[in-house]
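These are my notebook entries on one structure, set down in the order in which I looked things up. I began with the strands and went on to single side chains.

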Amino acid sequence: MLLDTPSLYFRAFYGVPESVTAPDGMPVNAVRGLIDMMASLVRDHSPTRLAACMDADWRPAFRVAAIPSYKAHRVATDDGAETVPDALAPQVPVIEQVLDAVGIARVGVPGYEADDVIGTLAAGATGAVDIVTGDRDLFQLVDDAKPCRALYTVRGIRNLQVVDEAFISQKYGIPGRTYADFATLRGDPSDGLPGVAGIGEKTAAALITRFGSLSAMLAALDAGATDGFTGGVRNKLVAARDYLEVAPAVVWVARDAPLPALDLTRPAKPRDPERLVALSERYGLDSPLNRLLAALG
């Protein structure tokens, strides 16, 4: 089980009231919410291996070099920091300390996003993989043959949407493993990814279904083919040719991030019990930590 941890703690932050605080009044809604999410996930799905994947770089240079608008609207300051709610920012280090004390592998790689860590771990896995995320970008990793599926949190952690190839085909009208190509054409304003002007979801789906992949579509386009390009679609694609050349480097998650040696074995007991007790007392985490430890054990 690979956790898109930033996606989950943002969801926890907005899903649990800020009135949930530590004894000193510091908000711990994201901390408590994330711990309870993990307890539910472990209890319901019993993963043998578990990784909390992190953003060591939320806006990697290689993606910005390809498309400068990538996540540009989320930049908070001149130093390139991400816009994070004031009440959430101090909770992230607490989350990291709790994960370390419990013994859940926390994985981040300089220059890469959590998505890239997930992509690399999924690619190297020898068994079934569950990816827990609220980010559709990771649908590109779904692969029935592996099998690798996404547990999508759009309806909440207790009502996860299981995303497999059949779900993607039904939802978007595309072959199950072509989500990244489809997303490249359609774009994603939430990530500052423009897509092809004038190409919406239906046209993007029709093109990917017709040609089978973005690369095959571009080969036909460059060869001057007209078959399969209806109306003014061909002209729109020609106008966006430069974008389509670089966008896959942004949209596709890495499968080869340089991960350190990892032990992803689900811990049966805390790695650092004394530290965990201290964190529990400092931040008022007894109840959620007890639930997590019971699920892990």
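The entries below cover the sheet, a helix lying across it, the aromatic pairs and two buried residues.

**Entry 1: the sheet.** I noted at the outset that the model is predicted. I then looked up the strand order and found an open sheet of 6 strands, arranged S3-S2-S1-S4-S5-S6, with mixed pairing. The edges are held by S3 (105-107) and S6; each has a single partner strand, so one side of each lacks a neighbour in the sheet. For the twist I recorded an average turn of 25 degrees between neighbouring strands, direction ignored.

**Entry 2: strand S5.** I next asked how many residues of strand S5 are buried. I found that 4 of the 5 residues in this strand, which spans 148-152, are buried, so the rest of the structure largely encloses it.

I followed the pairing of S5 on both sides. With strand S4 (residues 129-133), S5 pairs in the parallel sense over 5 bridges. Two of the partners I wrote down are Arg-149, which is bridged to Asp-130, and Tyr-152, which is bridged to Thr-133. With strand S6 (residues 161-163), S5 pairs in the antiparallel sense over 3 bridges. There I recorded Val-162 in S6 as the bridge partner of Leu-151.

**Entry 3: the helix across the sheet.** I looked up which strands helix H5 (residues 114-124) lies across, and found S1 (2-4), S2 (51-53), S3, S4 and S5. The helix runs at about 165 degrees to S1.

**Entry 4: aromatic pairs.** I describe a pair of aromatic rings by the distance of the centres and the angle of the planes. My count came to 10 aromatic pairs. Tyr-9 and Phe-10 form a stacked pair, with 5.7 Å from centre to centre and 25 degrees between the planes. Tyr-9 has 9% relative accessibility and therefore counts as buried.

Phe-139 and Tyr-179 form an edge-to-face pair, at 5.6 Å centre to centre and with 65 degrees between the planes. This pair links distant parts of the chain: Phe-139 sits in the loop between S4 and S5, Tyr-179 belongs to helix H7 (residues 179-186), and the two are 40 residues apart. I checked the accessibility of both. Phe-139 counts as buried, at 1% relative accessibility, and Tyr-179 counts as buried at 1% as well.

I also asked which residues form one aromatic cluster with Phe-139 and Tyr-179. The others are Tyr-152, Phe-167, Tyr-172 and Phe-182. Tyr-152 had already appeared in my notes as the partner of Thr-133.

**Entry 5: Arg-234.** I located Arg-234 in helix H10 (residues 233-239). This residue is buried yet has no salt bridge. I looked for the nearest side chain of opposite charge and found Asp-222, 6.9 Å away; the cut-off for a salt bridge is 4 Å. Leaving out residues up to four places away in sequence, Arg-234 touches Leu-221, Gly-224, Ala-225 and Phe-229.

**Entry 6: Leu-292.** I found Leu-292 in helix H13 (residues 286-296). At 0% relative accessibility, Leu-292 counts as buried. Setting aside neighbours within four places in sequence, I listed the contacts of Leu-292 as Ile-35, Met-38, Ala-39, Val-102 and Ile-104. I also looked up the separation of Leu-292 from Arg-106: the two are 186 residues apart in sequence and 16 Å apart in space, C-alpha to C-alpha.

Key: Residues numbered from 1 in each chain as written. Predicted model: local features only at pLDDT ≥ 70, side-chain atom pairs only at ≥ 80, totals over all residues. Heavy atoms only, no water. Buried < 20%, exposed > 50% of the residue type's maximum accessible area, 1.4 Å probe, protein only. Pairing = 2+ DSSP bridges. Axes fitted to C-alpha atoms, helices over the stretch in contact; angles between N-to-C directions. Contact = heavy atoms within 4.5 Å. Lys, Arg positive; Asp, Glu negative; His and termini not counted. Phe/Tyr/Trp six-rings, centres within 6.5 Å; stacked < 30°, edge-to-face > 60°.
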